[in-house]
Amino acid sequence: MEDHKHIVYILKCRDNSLYTGYTNDLKHRIHMHSIGKGAKYTRGRGPFQLVYTEKFATKEEAMRREYRIKQMPRFEKLKLITSHKKEVDLHDSS
């Protein structure tokens, strides 16, 4: 099994709402959301912008993290996304 195959992600929907999910195939999962076959919540809310990803070695770790993120108020999710973006930008500029 490939390390860090389990991914928690956040999508920003057309209506500016945020959707948090789990997958082991991010490209396929986003495609499913875009054609209306993803989560019920995202149907009719596209197009989507992938704004956050976090990778885990096990499904259990990822599912726990997904649950914790879903429990966060919106402002905390936005802080998480912003801090993650800054980290990504720092890594990309190296």
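Q: How are the strands of the sheet ordered, and which way do they pair?
A: Strands here are DSSP runs of E with at least two residues, helices are runs of H or I with at least four residues, and both are numbered from the N terminus. Two strands pair if DSSP finds at least two bridges between them. In this predicted model, three strands make an open sheet in the order E2-E1-E3, with antiparallel pairing. Strand E2 (18-23) and strand E3 (49-56) are the edge strands, each pairing on one side only.

Q: What should I keep in mind about the numbering and the model?
A: Residues are numbered from 1 along each chain as its sequence is written, and side-chain values use heavy atoms, leaving out hydrogens and water. As the model is predicted, local features need pLDDT of at least 70 and side-chain atom pairs count only at pLDDT 80 or more, while totals for chains, interfaces and linings use all residues.

Q: How many bridges join E1 to E2?
A: Strand E1 (residues 6-12) is joined to E2 by six bridges, and the two run antiparallel. Along this pair, Lys-12 stands opposite Leu-18 in E2.

Q: Which strands does helix H1 touch?
A: Contact means heavy atoms within 4.5 Å. For angles, axes are lines fitted to C-alpha atoms, for helices over the stretch in contact, and values run from 0 to 180 degrees between N-to-C directions. Helix H1 (residues 26-34) packs on the sheet and touches E1, E2 and E3, its direction making about 35° with that of E1. Helix H2 (residues 59-71) also lies across E1, E2 and E3, and runs at about 170° to E2.

Q: Which residues of H2 are buried?
A: Buried means under 20% relative accessible area, exposed means over 50%, and partly exposed is in between (1.4 Å probe, protein chains only). The buried residues in H2 are Ala-62, Arg-65, Glu-66 and Ile-69. Seen down the axis of H2, they fall within an arc of 105° (taken from the directions from the helix axis to the C-beta atoms), so they line one face of the helix. Met-63, also in helix H2, is partly exposed at a relative accessible area of 34%. Between Met-63 and Val-8 there are 7.8 Å in space, C-alpha to C-alpha, although they are 55 residues apart in sequence.

Q: Is Thr-42 buried or exposed?
A: Thr-42, found in the loop between H1 and E3, counts as buried because its relative accessibility is 1%. Leaving aside neighbours within four places in sequence, Thr-42 is in contact with Tyr-19, His-33 and Phe-48.
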